[in-house]
Structure formats: C-alpha cells, structure tokens
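Trainee: I am new to this structure. Can we go through it step by step?
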Amino acid sequence: MNPKKHAAEKAVEFIEDGMVVGLGTGSTAYWAIQKIAQRIQEGLRIRAVASSRDSEELANKLGIPIVPFSEIEWIDITIDGADEVDTHLNLIKGGGGALVREKILAINSKRFFVIVDESKQVEHLGQFPLPVEIVPFAANLTMNQLKELGCSTRIRMSNDEAYFTDNGNIIVDCNFEKIVKPIELNKQINLIPGVVDNGLFTRMVSSLVIGYNDGSTRIIDQH
Ligand code: 5RP
C-alpha cells in the first residue's frame, strides 16, 4: 500500500474534461501525474501547466499536453503535495525546491488540492525547516534578516554546492521549530529584500486529501 499514491489518485478523480490542470512537484505529485496520464489515455481531454522542470519533463514523457502560461487565464485545479499541513490547512512546502512556482500555480487555481500521507499532518508547522527562496546576491545579509525572525538558517546544498532553483535562486532552510502564527510570519519573511517567496502556504488549500496505509483516503474541505 502506498498512501501517497492513494491520496494522489483520489484527487485526480476531480479533474474533468476541458480543465486546465496545474501539476505539482515531488514524490506525491508524481503519482497524480501518472494517474492523469492514464486518464488521458482513456480519453480525458485537458491542458496542463507544470510547477517545475522535473514535472514538465515527466508530463511530456507521459504524453500530458503542457501549454505555455501565455495560453491560459486561470487554472481550474492544481494538485500538489506538502511537507507539513496543520489543523487549519496551512502548509509548509518547498522540500523539493519548487515553492515559488508552486505558489504561483496555487494562487491562480480555482481549486487547490493538497495530497499527503498521514505523516505530514501536524498540530503546529515548523518541525520541517521552512524553505525560503532568496536571490544569491548578498545572501549572507538576507540570512541575517531571516535569523532576526527567530530561526536558524542553512543554505540548501546539492552535491557539496549550493542548490539552485528553476528560477536561478538559492534556498535557505529556516528552522523555527514551532510556527505559531504562520499568516504573520509569511508576510514578515516576504517583506525582507532579497526574499523571493517562502514555503508557507496560508489560507490557500481548497481540499486536503490524506492517504492512509490501509489504502483508505479522507478529504477535508476548507470552509
Ligand atoms: C516541492 C514540494 C513538495 O510538494 C513537498 O516537498 C512534498 O514532497 P513529497 O510529495 O515528495 O513528500 O513542495 O517543492
């Protein structure tokens, strides 16, 4: 049993003919992309946009029609994973480094479905270090500003070198341990010059789909 796959496949049931679909990034979104491809082979007609080069590549490989953003005005449904989700459906995202593009897709979607296994549910966000995408210029100074907000910081690395996002920026993983006021923190972080965006997704989720080890799923809708 794969709870990520179950959650993903449940969410894909909400896609209908003619929709513009946003593709998330990560190991849970992977299963959604696979299922969308299967439904297309069975006759589903959609157009898709991707939140990362990786997801776009996967979609291309599987025959999912990716359209340029200039061809769409909005997205009907985006399906994406999360690193943590709290009881108010606030999220930490960006473990896979795609948070900026993911947030652009989410905010421009009529419905934003988040797919997780039950291990991602938390009372308070913050155990998972919060990814913040910053421009590389004077990164040490931007990190000092982030530390002022009460976290320890670490530049994300990949093979002994700084990890670069699809946007040519770097990621600082900020360990707050416990985030009590995610809405306020999101605003404070994004006011720092040099910050592009951060992985707090507040008040954005339409529906949370949780997959369990026994193969069952549960959907929680935002009120
Ligand atoms: C990528 C993300 C992912 O959705 C998040 O990291 C969850 O990943 P996974 O589904 O692999 O657990 O935000 O930037």
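Trainee: What separation lies between the centres of domain 1 and domain 2?
Mentor: This is a predicted model. In it, 24 Å separate the two domain centres, taken over C-alpha atoms. Domain 1 covers 3-120 + 202-221, and domain 2 covers 130-197.

Trainee: How do you know that domain 1 and domain 2 are in contact?
Mentor: Contact means heavy atoms within 4.5 Å. Domain 1 gives 16 residues to the contact, and domain 2 gives 16 residues. The area buried between them is about 1300 Å². Carbon and sulfur atoms give 53% of that area.

Trainee: Which residues of domain 1 lose the most area to domain 2?
Mentor: Leu99, Val100 and Thr202. Together they make up 34% of what that side buries.

Trainee: What makes β5 and β13 a pair?
Mentor: Two strands pair if there are at least two bridges between them. β5 (residues 91-92) and β13 have 2 bridges, so they pair. The sense is antiparallel. Isoleucine 92 stands opposite leucine 200 in β13.

Trainee: Why are β4 and β13 called edge strands?
Mentor: Each pairs on one side only. The open sheet runs in the order β4-β5-β13.

Trainee: What makes up the lining of the largest pocket?
Mentor: The lining has 2 nonpolar, 8 polar and 5 charged residues. Gly counts as polar, so Gly26 and Gly96 go in the polar group. Asp counts as charged, so Asp83 goes in the charged group. These three are among the residues that lie nearest the pocket centre. Helix α2 (residues 27-41) gives the most to the lining, with 3 residues. The space in this pocket is about 170 Å³.

How values were computed. Residues are numbered from 1 along each chain as its sequence is written. This is a predicted model: local features need pLDDT of at least 70, side-chain atom pairs count only at pLDDT 80 or more; totals for chains, interfaces and linings use all residues. Side-chain values use heavy atoms; hydrogens and water are left out. Helices (H or I, at least four residues) and strands (E, at least two) are DSSP runs, numbered from the N terminus. On a 1 Å grid over the protein atoms alone, a cavity is a set of points where a 1.4 Å probe fits but cannot get out, and a pocket is an open set with protein on both sides within 12 Å along at least five of seven lines; lining residues have an atom within 4 Å of a point. Grid points are joined across faces, edges and corners, and a volume is the space filled by probe spheres set on the points. Domain bounds come from an automatic or database domain assignment. Buried area is the accessible area (1.4 Å probe) that two parts lose on being put together, summed over both.
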